[in-house]
Number of protein chains: 2
Amino acid sequence: MTVRSISIKDVARRAGVSPTTVSRVLNNSAHPVNSKTRRRVKAAIAELNFHPNRLAQGLINNKSHLIGVIVHDLSDPYFAEMVKGMERVIIKYDYIVNIYNTSRDVDKELKAVDLLRANRAEAVVLTGGTLLDQHYREEMAGYIKELQSNGSIVLGVTAHPFNIKSIELGNSLAARLITNYLLEQGHRAIAYINGPAILGTTNERWQGFQEALLARKIPIRDKWIVAGDFSFEGGRRAARQLLDEITGLTAVVASNDEMALGVMWEFKNQGLAIPDDLSVVGIGNIPAAKYAYPPLTTIALPIFDLGVQIGEYLINTLGDKGSFNDQPEVQLSLVERDSVRSLLEV
Amino acid sequence: MTVRSISIKDVARRAGVSPTTVSRVLNNSAHPVNSKTRRRVKAAIAELNFHPNRLAQGLINNKSHLIGVIVHDLSDPYFAEMVKGMERVIIKYDYIVNIYNTSRDVDKELKAVDLLRANRAEAVVLTGGTLLDQHYREEMAGYIKELQSNGSIVLGVTAHPFNIKSIELGNSLAARLITNYLLEQGHRAIAYINGPAILGTTNERWQGFQEALLARKIPIRDKWIVAGDFSFEGGRRAARQLLDEITGLTAVVASNDEMALGVMWEFKNQGLAIPDDLSVVGIGNIPAAKYAYPPLTTIALPIFDLGVQIGEYLINTLGDKGSFNDQPEVQLSLVERDSVRSLLEV
DNA sequence: ATCGTTAAGGAAAACGATTTCCATTAGCTT
DNA sequence: AAGCTAATGGAAATCGTTTTCCTTAACGAT
C-alpha cells in the first residue's frame, strides 16, 4: 500500500555518485567532498525532494530520537504547559515527543513504559508524583532499570519512589510563600486544605505550609487542617466542613487552585463575601484562577519554564555536552489578585 | 554510549534456532513451527527479556507506527481532551502519538509537518481550523500532497482550506442549540460575541447562531453582534462595549466559554446580577465553566469522544479494515446550569 | 520403490541509512 | 624520478528485523 519512498540510492544515481558520498554531504562529514560534487548532490536532493528516513538512521545509529513523557492528565493545564515547554526545545533538535496519558491508571502507566522500551526511547520523563501501590512500584522499578541499562535517561519531575534523577518543582517553597503572604497581611487563623495522600506533591506542599507557620511560632491546629483531593468538588466539601465546624477563621489556603476555586464558590454560595469575610488562596495559577470572581491570589508555578529546562537538560545529556545546568530551578512568583483582604490597615 | 540491545540473533542462538524461526514465533506466522521449538523460542525470549526493535521492524515493513497531531495550543483543554481520546485508542495498537504545539505560528506548523514527513508518519491529524495566510496555505498544501503521496493519511478536524478529509465537530449545530435554548426560555434580545475572523470555527458558529434566529424570523441587529477573540479579556471588552452601547438586552451568547466567562465577570463587576439581570451562555463546556459563579450554561462538545472516533478511524484506515464508521459524528449536549434566567414564568 | 504432499527449518536478500576500509589521483619534496 | 601526503571517491559491512526461496525429512498413496 505505502509507496516506497525516495532513498539515498536514488539521489546517488541521479547525482552520479555513490550513496557514500551522498551520506557524507548529508551529514557534513569530515571526510572531504569536492565542492562541485557536493553541489551536484545537493541539487539531486532538492530535485528529488529527498528526506532521509529516520528509521534507517535510527537503526544504524542506535538512536530513536524519541523522548517519552508520561503524564497523569494532559487536560491538566499544569502538565500541558510542561509538555509545551519541553516540546519547544526538543523540536529544534529533531526529537519526537511521545506523550502517554495514564489517568493515574497503573496498567496504562506500565503499558506506556513498555512501549517506550520497545521503541527504544532515548529519554523518559515521569511526571506527576507517586503512586504508592506496592506491586506497581516493583514492576515500574524493573522497567526503569531496564531503560537505564539500555542507555535511556529516566527523569522524574517531583518526588518519585524510584531511584532516578528528579527535578524539583518547588512545591514546598510555593506553599511557604503563599502562607507567608497571608501572615504578612495579618492573618493568623488560617485553615489548610490538603491534597490526596497518595501524591508526593501533597506532602511537599503540606511541609511548606507547616514551615511557614512554625517559623513564626504559630501553632497548627488539627481542626483547621482538612482533607481534600485537588478537585473543585473537594474544595467545596472542605469549605462546608470548615463552615460547619469552625469559627474565627480569617483565611484558608487550598493546596491547589481547583480546590481554592471550590472553596470560594461554596463560601459565596453560603452568603459569604470574598475577601471581606474570608480570604482564600491557592497554588498553581491555572487559567481559571484569573477568571474567578474575585480573581484568585495564588502562586504561579512557571511550569512552561520547567518544561523548557527539562528539555534542555535532556538534549544536553543526550548530546553529552560538557557543562550545563544540571539541576534547573524554576522561579516561583506570587500572583497577587483580589481574593485576600489585608488585616493590617484596620 | 548506548548499549547494543538484545537482538533476535541473541534469542536465536540461545534457543538453538535461526533468526527466521524466532521471527516466525514472534509474528505468529502462518509458516508452521514445531510446538516444542516454539516453546524453546518463547523461553529464550523471556529469559533474555527480548523486545523487538521497532525501528528495524518499521524499516522493513515501511511502517513508522507514528501518528502526528498538530494542535495550536495543548493547554486548551479542548485539544488536550481530543489528544487523550485519540491516544486511548491508538495505544492499543502500539502506535505512537506525536504532538506538535504550534501556537498558531506558521513556521512551527511547517516545521511540524516537515518532521512528520521525515519520520514517515503514517497519519497526520490537523486540528484547530484555518490559518488564512496565503504563503502558508501554499507551502502547507505542498507538504500535505507529499505526505499523501507517501501513503500517509491526512485528516482535518473542523474546516480546512486543504483538500483533505475532514471531521466535523458540529460547531454550527452547537451555536444553533444554545441559541434555541435561549429562545425557548423566552429571550428575544440576544447579543452575540464572535470569535477571531481567521478561524473556521468562528464562521461555523456564527452560521449556527444566524440560523437559529432566522428560523424564528427574528431579525439580527448589527449592533448586537460584537467582535471577540475567544479570550477571557476579549469577553470582558465585549461586555463593556455591550453595556455602553445597548439597552434592553436580556441575554448574550458568547461563541466560546472563555469569552462567556469574561462577559459574566465584567457584568458582575459592573454590578449586574447573573442571571437575574442578564443571561449568559457559552460553547465548549471547559472545566472553568463549572467553577464559575453562577456555573455557566453551555454546550458540551464531547471532544474526548471525537478523539476516540478519530483514533478508531485512523486505525481502521491504516489497517485497511473493511467497514467502519467513515464519518464519525459526535453527540452534542446542552449543559444546563445557572447562568440563564427563564423569561416564561413571568 | 517411487511419487507427491506437508511439516519444519534455514540461508540470504532486503529495508535505508552510516562507516570502515581501501583505491586512485594529484601535488609536493627531495 | 621516487616517495609521501592529502584529497576524493567507492565497495562492502553493518544495524535488527522480515520474507522469499530452498532443503530436508517424514509419511501415506500408488
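The area buried between chain A and chain B is about 5,800 Å², where buried area is the accessible area (1.4 Å probe) that two parts lose on being put together, summed over both. Carbon and sulfur atoms give 57% of this area. In chain A, the residues that lose the most area to chain B are A:L55, A:Y291 and A:Y293. Together they account for 12% of what that side buries. The model is predicted; local features need pLDDT of at least 70, side-chain atom pairs count only at pLDDT 80 or more, and totals for chains, interfaces and linings use all residues. Residues are numbered from 1 along each chain as its sequence is written, chains are lettered from A and ligands numbered from 1 in the order in which they are written, and side-chain values use heavy atoms, with hydrogens and water left out.

Contact (heavy atoms within 4.5 Å) takes 62 residues from chain A and 63 residues from chain B. Of the interface residues of chain A, 100% are also interface residues in chain B, so the copies meet through the same surface. Chain A superposes on chain B by a rotation of 180 degrees with 0.0 Å of shift along its axis (RMSD 0.1 Å). The fit is by least squares on the C-alpha atoms of residues with pLDDT of at least 70 in both copies. The two copies are thus related as by a two-fold rotation axis.

Four salt bridges (a side-chain nitrogen of Lys or Arg within 4 Å of a carboxyl oxygen of Asp or Glu) are found across the interface of chain A and chain B. One salt bridge joins the side chains of A:D73 and B:K84 (2.7 Å, N to O). By class, the side of chain A that touches chain B has 26 nonpolar, 16 polar and 20 charged residues. Ala, Val, Leu, Ile, Met, Phe, Trp, Tyr, Cys and Pro count as nonpolar, Asp, Glu, Lys and Arg as charged, and the others, Gly among them, as polar.

DNA strand D has 30 residues around it, each with a heavy atom within 4 Å of the strand. A:S18, A:H31, A:T37, B:I8 and B:S23 come nearest. Sugar and phosphate make up 57% of the strand D atoms that come within 4 Å of the protein. A polar side-chain atom of B:S23 lies 2.7 Å from a phosphate oxygen of the strand. For A:T21, a side-chain N or O atom is 2.8 Å from a phosphate oxygen. The side chain of A:T20 instead places an N or O atom 3.1 Å from a base nitrogen. The surface near strand D holds eleven nonpolar, 16 polar and three charged residues.

Key:
A polar contact is a pair of N or O atoms within 3.5 Å; within protein, one must be able to donate a hydrogen and the other to accept it, and residues adjacent in sequence count only if both atoms are side-chain atoms.
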